Amino acid sequence: MRRRDDRRWGTPADLAGAALAFLFELIIVVGLAAAAFLVAAIVTAVI
Amino acid sequence: MLIKPDREDLRIVAYALGRIFTVVAVASLVPLSWAVLGREWHPFASFLLMIGAFAFLGQLGLRYRPSDERLDWSHGMVVVALTWLAVPMIGSIPFIFSGHYGSPIDAIFDAMSGLTTTGLALVQDLDHMAPSLNFWRHLLHFLGGQGIVIAALVLFAGGGGLTLYYGEARDERILPSVRSTARFIWAVALVHLVVGVLVLGVIAHQVLGFEWKRSFFHALMIFFAAFDTGGFAPQSTSLGYYHSAIFEFATTVLMVAGAMSFGLHYALWRGPRRALFKNLETRTILTTFTFTMVLTMVGLGAAGIYTSVQGLTRQGFFQIISAHSGTGFSTVPSSELAMWGGLAFAGMTIAMALGGMASSTAGGIKALRIGLTVKAVANQTKQLLLPEGAVVSTQYFQSGRKRLTPQLAQSAMTVALLYVALFLLGAGVALGYGYGLQEALFESVSAGASVGLSVGVTEPSMPMLLKLTYMFQMWAGRLEFVAVFALLGFIYAWVRGK
């Protein structure tokens, strides 16, 4: 296994990383919601 | 020849269990304090009894200190399997005396469902349950999702941590030491707890009009159930109680965060971030999310259940995220969910069976195994189609370039097959009691993949054997079989070994 950094937590870089994690989660959900809207629009138009 | 476990083996297991029970006894002081603050004296007494039982068993185990505390592979697996059996049994004491359960088995069922982050429930009159008891139900999600044994690892140093870590169905050690990995897992959870509770609490106050205290109570319960992909809710109508699209959206973000592997969380926090979308697991789960969502929504559209774009988007999207992440929140009643036949039923059932990412709080077969299985089948097919002697690349990307060995592919397929067998077991028992094929299969997959969505089979009046089967499915499915087989092997060796 590749050894990873085991230094102390709580640095500004960690806070930025945590913020990025929330942004990533938000992007995934918004992306999936947009895909769902698109599918719903097609389904209701076609069926 | 089978070697019978000796006294030293038993001492090692008992001592490790003693440490874990002590940690659970300490964690149980939180709902006890809640009961004191709320002046809920009846739950207070039952929490006291439960803490006494955990502390007594903990101290009893600690009396049997072995000469070498180091756990080997089989000891660790046995400890994990026994922990996940004993904690729901003792943890159900407050439920048994609450008056909200028809029998002690129903109470143990809910405690098992809570700890394994399933979310199926046999509780009666939930809407009038004491807040401290409701809190305990959700705290079980948090303890189970984060891993009780992981909690013990953070607090106690000692040999054999790695086997306990893997026993709780976590495949990836993120940092060099298991203890620092455990600390990172808890750090991720605590950061999400602060942000998640704040966001949900503010929405509950500003949008739903709840008073502040009630807002944060609901926010905390929903956070535990969403981030740990559990599925219990403080009200009997699950997320449908809130009737709020923004509340559902915020909950969805937490469900997705819970279904993400802690390895992915680490990559987001500290890098390397460039390869996030290159990972086989990320690509697999995004594909299966989209595939099952399309399947479900086409099915719902064809059945004419939701006719508007908004209605279809909101219901289809939320339900599929809830099913795929293994959470089990619902915004529609189980009677309405039971009407989702055809493609919608197929989409939901497949989503539940697939589950979240490996080393996350979600259950199910897991995206990495699906990705590896598909890649192995694709490689075999390519090999057949290409001229003899042609070399097919067996590489895949998952936090770096890796080789898909036959052993790895076999291991992924074996666990996937065991899950299918587990799903068929529950469905078979339900069919035997006269339930329809669709509802029997749906509920069984929900129990085995630790989801918690229900089409109405799970209710206090269901047959006792079916309750026990679902409990076994939750336990075995959550531990991904290895620890369960190790325990059965340990018992067999104890009885038949020499």
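This report describes chain B of a predicted model, from its overall fold to selected residues.

Local features are given only at pLDDT of at least 70 and side-chain atom pairs only at pLDDT 80 or more, whereas totals for chains, interfaces and linings use all residues. Residues are numbered from 1 along each chain as its sequence is written, and chains are lettered from A in the order in which they are written.

**Overall fold**

Chain B has 22 helices and two strands. Both are DSSP runs numbered from the N terminus: helices are H or I with at least four residues, strands are E with at least two. The C-alpha trace spans about 65 × 60 × 50 Å along its principal axes. Chain B has a radius of gyration of 22 Å, which agrees with the value near 23 Å for a compact globule of 498 residues. That radius is taken over C-alpha atoms, and the globule rule is 2.2 Å times the number of residues to the power 0.38.

Of the 498 residues in chain B, 55% are buried. Buried means 20 or more other C-beta atoms within 10 Å of a residue's own; exposed means 12 or fewer, and partly exposed lies in between, with C-beta atoms placed from the backbone. Contacts require C-beta atoms, placed from the backbone, within 7 Å. Among contacts in chain B with a separation of 6 or more, 75% join residues 24 or more positions apart.

**Helix α20**

Helix α20 of chain B covers residues 437-448. Its 12 residues reach 16 Å from first C-alpha to last, close to the expected 16 Å. The expected span is 1.5 Å times one less than the number of residues. Because 10 of its 12 residues are buried, α20(B) is largely enclosed by the rest of the structure. Among the buried residues are Leu441(B), Phe442(B) and Val445(B), along with Glu439(B) and Glu443(B). The cover includes α17 (342-354), α19 (406-432) and α21 (464-479) of chain B. After α20(B) comes Ser450(B), with a positive phi near 55°.

**Two more serines with positive phi**

Ser238(B) has a positive phi though it is not a glycine. The description also fits Ser359(B). Their settings are tabulated here.

| Residue | Phi | Loop in chain B | Other C-beta atoms within 10 Å |
|---|---|---|---|
| Ser238(B) | about 55° | between α11 (212-227) and α12 | 26, buried |
| Ser359(B) | about 55° | between α17 and α18 (367-385) | 25, buried |

**The side facing chain A**

In chain B, 31 residues are in contact with 29 residues of chain A. Helices α10 (178-206), α12 (245-259), α13 (262-270), α14 (280-303) and α15 (309-324) of chain B each supply at least two residues of this side. The largest share, eight residues, comes from α14(B). By type, the side of chain B that touches chain A holds 20 nonpolar, nine polar and two charged residues. Here Ala, Val, Leu, Ile, Met, Phe, Trp, Tyr, Cys and Pro count as nonpolar, Asp, Glu, Lys and Arg as charged, and the others, Gly among them, as polar.

**Core and single residues**

The largest nonpolar core has 166 residues. Such a core is a set of buried Ala, Val, Leu, Ile, Met, Phe, Trp, Tyr and Cys residues joined through C-beta atoms within 7 Å. Leu200(B), Phe223(B), Val256(B) and Met297(B) are among the members that touch the most others. Val256(B) touches Glu25(A), Ile28(A), Val29(A), Ile321(B) and Ser325(B), not counting residues up to four places away in sequence.

Val149(B) lies in helix α8 (residues 148-155) of chain B. Val149(B) counts as buried, with 24 C-beta neighbours inside 10 Å. Val149(B) and Thr83(B) are 66 residues apart in sequence but 8.2 Å apart in space, C-alpha to C-alpha.

Technical notes: Contact = placed C-beta atoms within 7 Å.
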